[in-house]
Amino acid sequence: MIPVLDKNSIRVITQAIEPEHAEYVAGIKDIMNDVATNYPEFEENDCCEDIIYVIKIMAFADKFRALHWAAKTMDYHKTLDDFCEELEEYKDEIAENIQSIIGQFDSSKFTKLELPVGDNPLDIINELKICVANWFNLHIEDMEYEGCRNATSDFIQTIHKYVYLFRLCKLNQA
């Protein structure tokens, strides 16, 4: 079941997006329109942020995989490869957990989202950290999401580890 995304959900989801990332917000609005068109029977819901979150995680995974393939040094190549594996594992776990709560996704309804961030792994991972933390905080008191929060809390720790490793790669490159 994929719900319609309402204006309040868009506001909550995009609250951490800076004005210069307007195309990211536009991407979210496009997703909202796609879901609204495909599922007009849903007017109000509480799970649209979950679907957008999975779409965002998919976009971050695509971005990191592209950076991995284009890495200029072996340090970055290896670190990005390792992080891509961690991100893929989290993406799969969180998508399955969310579906156990809100129902099965219809993959044909997913819209690809392009990230507005550049090619600096540190910038991108910090954007990812904001995205993950915002979603975590949306479900901080909901017992249904306990497993999701545990997986997300672990993933935030993984993000911190890779911030450190990307900084080391940057130092080695200088």
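Let's start inside helix α5, where the buried residues are P121, L122, I124, I125, L128, C131, V132, W135 and F136. Keep in mind as you look around that this is a predicted model. From α5 we will visit its surroundings, its partner α6 and the loop that leads into the helix.

**Helix α5 itself**
- Helix α5 covers residues 121-138, and its end C-alpha atoms are 26 Å apart.
- That distance agrees with expectation, because 18 residues at 1.5 Å a residue should span 26 Å.
- At the start of the helix, you can find a side-chain oxygen of N120 within 2.8 Å of the backbone nitrogen of L122.

**What surrounds α5**
- The cover over the buried residues of α5 includes three helices: α3 (48-69), α4 (74-102) and α6 (146-173).
- Looking at α5 together with α6, you will see that their axes come within 10 Å and cross at roughly 165 degrees.
- Angles over 145 degrees count as roughly antiparallel, so that is how α5 and α6 run relative to each other.
- The crossing of these two helices, α5 and α6, is left-handed.

**The loop before α5**
- Between α4 and α5 there is a loop, and G118 is part of it.
- G118 has a relative accessible area of 42%, so it is classed as partly exposed, a label for values between 20% and 50%.
- Setting aside neighbours within four places in sequence, G118 is in contact with K63 and I124.
- I124 is also one of the buried residues of α5.
- K63 and G118 are 55 residues apart along the chain, and their C-alpha atoms are separated by 9.4 Å.

Notes
Residues numbered from 1 in each chain as written. Predicted model: local features only at pLDDT ≥ 70, side-chain atom pairs only at ≥ 80, totals over all residues. Heavy atoms only, no water. Helix = DSSP H or I, 4+ residues; strand = E, 2+ residues; numbered from the N terminus. Expected span 1.5 Å × (residues − 1). Buried < 20%, exposed > 50% of the residue type's maximum accessible area, 1.4 Å probe, protein only. Contact = heavy atoms within 4.5 Å. Polar contact = N/O pair within 3.5 Å; in protein donor to acceptor, adjacent residues only side chain to side chain. Axes fitted to C-alpha atoms, helices over the stretch in contact; angles between N-to-C directions. Parallel < 35°, antiparallel > 145°, perpendicular 65-115°, else oblique. Left-handed = near helix turned anticlockwise from the far one by under 90°.
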